[in-house]
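The following paragraphs lead the reader through a single structure, from its helices to its core. Please keep the sequence and the three-dimensional view at hand while reading.

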Amino acid sequence: MVLRRTAQVKNPDLVALPEPDETLAMRAQDDAAALTEIYLRYSGPVFGYFRLRTGDAQIAEDLTSQTFTQMLEALPRFRAERFRSWLF
């Protein structure tokens, strides 16, 4: 999580903003916590996509698992493009 000052906040304290996906993906190559955060952000949408396309929850679970396995293998080649487009 990245801490930043924001102009909209009247209190000058730092507020926590979610780390951008692309930054997380770069860190996830060496950081299990970043990899976990990516999984938590995207496992639902990926599963939902496959569930909608296949109509079968078990197949969607299998495809979601395969997607994240392939993502893990491909992360070293990730080059700060739009992560969501890269993942899907």
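What should the 18 residues of H3 span at 1.5 Å a residue, and how far apart are its end C-alpha atoms? The expected span is 26 Å, and the end C-alpha atoms are 25 Å apart, so the two values agree. It should be said at once that the model is predicted.

The wider layout may now be described. The protein chain contains four helices and two strands, and along the sequence these elements follow the pattern β-β-α-α-α-α. Of the 88 residues in the protein chain, 24% are buried. Among contacts between residues at least 6 apart in sequence, 36% join residues that are at least 24 apart.

The loop between strand E2 (15-17) and H1 holds Glu19. Is Glu19 buried or exposed? Glu19 has a relative accessible area of 8%; because buried means under 20%, Glu19 counts as buried. The side chain of Glu19 is joined to that of Arg27 by a polar contact of 2.9 Å. Glu19 and Ala34 are 15 residues apart along the chain, and their C-alpha atoms are separated by 9.5 Å.

Helix H1 covers residues 21-28. Its buried residues are Asp21, Leu24, Ala25 and Ala28. Seen down the axis of H1, these buried residues fall within an arc of 100°, and therefore they line one face of the helix. They pack against H2 and H4.

Helix H2 spans residues 32-54, which is 23 residues. From its first C-alpha to its last, H2 reaches 30 Å, close to the 33 Å expected at 1.5 Å a residue. At the N-terminal end of H2, Asp31 acts as a cap, with a side-chain oxygen 3.0 Å from the backbone nitrogen of Ala33. Further along, H2 bends by about 40° at Tyr42, and a proline, Pro45, follows within four residues. After H2 comes Gly55, whose phi is positive, near 75°.

Several residues of H2 are buried, namely Ala34, Ile38, Tyr42, Ser43, Val46 and Phe50. The buried residues of H2 pack against three helices: H1, H3 (57-74) and H4 (83-87). Tyr42 is thus both the site of the bend and one of the buried residues of H2.

The account now returns to H3. At the start of H3, a side-chain oxygen of Asp56 reaches to within 2.9 Å of the backbone nitrogen of Gln58. Within H3, the residues Ala60, Thr64, Thr67, Phe68, Met71 and Ala74 are buried. They cover an arc of only 125° around the axis, and so they lie on the same side of H3. Gln70 and Glu73, on the other side of H3, are exposed. The buried residues of H3 pack against H2 and H4.

Where do the nonpolar residues come together? In soluble globular proteins, nonpolar side chains tend to be buried together. Here, the largest nonpolar core has 15 residues, and those with the most contacts inside it are Ile38, Tyr42, Met71 and Phe83. Each of H1, H2, H3 and H4 supplies at least two residues of this core. H2 gives the most, with five residues.

With which residues is Phe83 in contact, leaving aside its neighbours within four places in sequence? They are Asp21, Glu22, Ala25, Ile38, Tyr42, Met71 and Phe78. Among these, Ile38, Tyr42 and Met71 are named with Phe83 as the residues having the most contacts inside the core.

The last helix also holds Arg84, which lies in H4. Arg84 has a relative accessible area of 40%; because this value falls between the limits of 20% for buried and 50% for exposed, Arg84 is partly exposed. Apart from neighbours within four places in sequence, Arg84 is in contact with Tyr42 and Pro45. Arg84 and Tyr42 are 42 residues apart in sequence, while their C-alpha atoms are 8.4 Å apart in space. Tyr42 therefore appears in the contacts of Arg84 because heavy atoms of the two residues lie within 4.5 Å.

Definitions and conventions: Residues are numbered from 1 along each chain as its sequence is written. This is a predicted model: local features need pLDDT of at least 70, side-chain atom pairs count only at pLDDT 80 or more; totals for chains, interfaces and linings use all residues. Side-chain values use heavy atoms; hydrogens and water are left out. The expected span of a helix is 1.5 Å times one less than its number of residues. The bend at a residue is the angle between axes fitted to the seven residues ending there and the seven starting there. Buried means under 20% relative accessible area, exposed over 50%, partly exposed in between (1.4 Å probe, protein chains only). A polar contact is a pair of N or O atoms within 3.5 Å; within protein, one must be able to donate a hydrogen and the other to accept it, and residues adjacent in sequence count only if both atoms are side-chain atoms. A nonpolar core is a set of buried Ala, Val, Leu, Ile, Met, Phe, Trp, Tyr and Cys residues joined through side-chain atoms within 4.5 Å. The arc is that of the directions from the helix axis to the C-beta atoms.
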